[in-house]
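Please look through the model shown below with its enclosed spaces in mind. The report that follows describes the residues around those spaces.

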Amino acid sequence: MSAEIRENRRVYLFDSTLRDGAQTQGVDFTAADKIALARALDRLGVDYIEGGWPGANPTDDALFAEPPELTTAKLVAFGMTRRPGRSVDNDPGLAALVQAKAPVACIVGKTWDFHVDVALEIPREENLALIGDSIAHMAARKAEAHFDAEHFFDGFKANRDYALACLAAAQEAGGRWLVLCDTNGGTLPHEVSEIVSAVRAALPDANLGIHCHDDTDNAVANSLAAVLAGARQVQGTLNGLGERCGNANLCALIPTFALKMDFDVGIGPDQLSQLTSVSRLLDERLNRPADPGAAYVGPRAFAHKGGLHVSAVAKDTRTYEHVEPALVGNERHIVVSDQAGRANILSRFAEIGLEVDSDDPKVAALVEEVKAREFQGFAYDGAEASFELLARRALGQVPDYFELQRFKVMDDRRWNARGELVTESEATVTLEVAGQPMMTVADGNGPVDALDKALRKALLPTYPQLETMRLTDYKVRILTPQAGTEAVTRVMIESAGRNGRWTTVGVSTNVIDASCKALIDAIVWKLRREGLREPGV
């Protein structure tokens, strides 16, 4: 074990949400999703962010061609050992890893003799060569090369000497981290403890990591057991995303390490207080509700209902809370008396650079407005631009750049002259811009696209700054499906331009109206970020 890691109790966090989490059934990240989540993870303070597998799909190729700028974390590109019968210089998978704009490469290789015999169908010695050659190739071309020892725990139990030989091959080739993977998720905590301890004794100079799947609902427990036995890197995902039953949940592991164990995960109190927001951001990007019973970050994690609990919590919250909810950015909720809000709102003000006196009466009013709007269905954890506008409007800091007075959207489904069935959308908007009435019409490939084009067609003569703005993502969620055609709809829109990327939200019983609200917020946020302090100026 290196002196840097051996001499302290630092645990390094390796997030695999964007790679292993993307293998979750029903999850399909866009490049915009990955960029937004990578930035949030970087702000949270994790050490490594595994972006995906370059060469595997266009989304990952796009991410590694133009990766987001990270200030804390190191971006990791994932791949596999060279193919049997190919040299490292003639392997397309390794070539894609080398070309990826990521300082770290993580190579997965077989360590279970059963897989070598049955899946690869090559001599076991050749598999050792695949591992050593591939790690050495990447170690010479990247700042760090990590080795994911696939099926390590099953392999160790079947053939201890061979599994250790695979690790030794990676270590001798320059592997910075040797990550022991419970790929099938069937290992139990006492087994993890025993096996990691055995590896620690056999390879005392190795930097060990742990990668657990949750097929026995023990991924978090197994990760904790591995660290107690000597592992110093923990791989996991936000909200436990991952193939089959998921991976170790970093939203449970991070606060457990930081608040309950004598380990340093490199995350300070201010960053830890962002944990719930980051968890909810992932859910919003996936267009799904948060898990209400999730440890630390779930909406029910600090909820108290009636009887002895409420009475005791009113006297001292420690009676029924193992940590203060604010430490992880969550809120206490008592059914008969909602005590949450003010501290979280002030914390979010600080995040957007808004300096407000905590005694300002407008703060209390804004707290109540945020609560009321979130009850209606607005979600500001995933829509930071709309939250900033809501706050600044309450403080009188957002000019009335324009006023939308009316809009109309029509769809026309017809057969064109070539006998093709086409659907076209047309939007008409009526606005007042800098005191002047405007009416414009625009066509689009859908009602939201048409509405966006009509709005900007009216605004561009006065606000040419909007020329650089574009919509990059659009998500709709029905919040009250039981209401049928009167269901409340939430729309999240991500926009991009020279000011970066920003997300806005709109809520309505009408999906086009919700979309329009989110579009207007996106435009207003852009104009304010461009430094415009007066309408038309």
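## Character of the largest cavity's lining

In this predicted model, the lining of the largest cavity comprises four nonpolar, two polar and five charged residues. The residues concerned are L281, E284, R285, G382, D473, Y474, K475, M492, I493, E494 and T503, and the elements that contribute two or more of them are the helix α13 (275-285) and the strands β14 (470-478) and β15 (489-497).

The space that these residues line in the largest cavity amounts to about 70 Å³.

## The second largest cavity

For the second largest cavity, the computed volume is about 30 Å³, and the residues that line this cavity are E388, L389, W525, R528 and R529. Two elements, α17 (384-394) and α19 (511-529), each give two or more residues to the lining of the second largest cavity, and α19 provides the largest share, with three residues.

When the lining of the second largest cavity is sorted by residue class, two residues are nonpolar and three are charged, while no polar residue is present.

## Extent of the search

How many cavities of 30 Å³ or more does a search of the whole structure find? The search returns two at that cut-off, namely the largest cavity, with about 70 Å³ of space, and the second largest cavity, with a volume of about 30 Å³.

Technical notes:
Residues numbered from 1 in each chain as written. Predicted model: local features only at pLDDT ≥ 70, side-chain atom pairs only at ≥ 80, totals over all residues. Heavy atoms only, no water. 1 Å grid on protein atoms, 1.4 Å probe; cavity = no way out; pocket = protein on both sides within 12 Å on 5 of 7 lines; lining within 4 Å. Points joined across faces, edges and corners; volume = space filled by probe spheres on them. Helix = DSSP H or I, 4+ residues; strand = E, 2+ residues; numbered from the N terminus. Nonpolar A, V, L, I, M, F, W, Y, C, P; charged D, E, K, R; others polar.
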